[in-house]
Amino acid sequence: MRKLRVLVLGVLFLSFCPSILAQSQFVWHMAFCTDGDGPLTNWIASRADAAIAGREHEKANPGHRWEILTQQGRVAADGPGCAAIADDPTRPDTVRVVNTCDACRIIRVSRRYKNGSVKTKEFKIKPKAQKRFLKQPDTEIIVEGEFVCPKG
């Protein structure tokens, strides 16, 4: 009987581990200067470290405002991504996709519905600019890919 309890507890523990790891894999934070300096950190796992970088930047550059961007979706790109998904503090009913790089990007954004359907669009976003999306119940906004804008 004791072996059976140990086996059941082991199975339960292992069944919850992958979901915990999957959730933590896609939560990244970046300190971002909103007064033109752009990213203050790379994408990092610790929100506290991003806040420290933001406060240090504010001390070194009086009057500069900063915020912490949270990557809540997946970015399908090699190397560090330029697209950040974050709640819009000025508009609680919207989510924004921010281009954190110094170059124009074409960003492919998908809205996934609870029933499994997906709508995908590509948007050209200028450097340090953003695109807003209305929050809808039972949906998720995901950055599927990003590409450098063509010259010309």
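The torsion about the S-S bond of Cys104 and Cys149 comes out at about -60°, so this disulfide is left-handed. The two sulfurs sit 2.0 Å apart, a disulfide being counted wherever a pair of cysteine sulfur atoms lies within 2.5 Å. This bond ties together distant parts of the chain, 45 residues apart: Cys104 is in the loop between S5 and S6, and Cys149 is in the segment after strand S9 (139-148). Strands here are DSSP runs (E, at least two residues), just as helices are (H or I, at least four residues), and both are numbered from the N terminus. Cys149 is buried, at 11% relative accessible area; the cut-offs are under 20% for buried and over 50% for exposed, with partly exposed in between (1.4 Å probe, protein chains only).

All of this comes from a predicted model, where local features need pLDDT of at least 70, side-chain atom pairs count only at pLDDT 80 or more, and totals for chains, interfaces and linings use all residues. Residues are numbered from 1 along each chain as its sequence is written, and side-chain values use heavy atoms, with hydrogens and water left out.

By the same sulfur rule, the count comes to two disulfides. The other one joins Cys82 to Cys101, with an S to S distance of 1.7 Å. Its torsion is about -85°, so the Cys82 and Cys101 bond is left-handed. Cys82 sits in the loop between strand S3 (66-71) and strand S4 (83-87), while Cys101 belongs to the loop between S5 and S6, 19 residues along. Cys82 is buried, with a relative accessible area of just 1%. Counting bonded cysteines along the chain, the pattern reads 1-2, 3-4. Cys33 is also buried, at 2%.

Asp102 lies in the loop between strand S5 (94-99) and strand S6 (105-113). This residue is exposed, with a relative accessible area of 68%. Setting aside neighbours within four places in sequence, Asp102 touches Pro127 and Lys128, where contact means heavy atoms within 4.5 Å. Asp102 and Pro127 are 25 residues apart in sequence, yet 4.9 Å apart C-alpha to C-alpha. With Lys128, Asp102 makes a side-chain polar contact of 2.4 Å (a pair of N or O atoms within 3.5 Å; within protein, one must be able to donate a hydrogen and the other to accept it, and residues adjacent in sequence count only if both atoms are side-chain atoms).

As for confidence, the mean pLDDT (the predictor's confidence in each residue, from 0 to 100) is 77, and 76% of residues reach 70 or more. Over residues 17-25 the pLDDT is below 50, and this stretch has zero contacts beyond near neighbours in sequence. Residues 74-79 also fall below 50, but here the model shows 14 such contacts.
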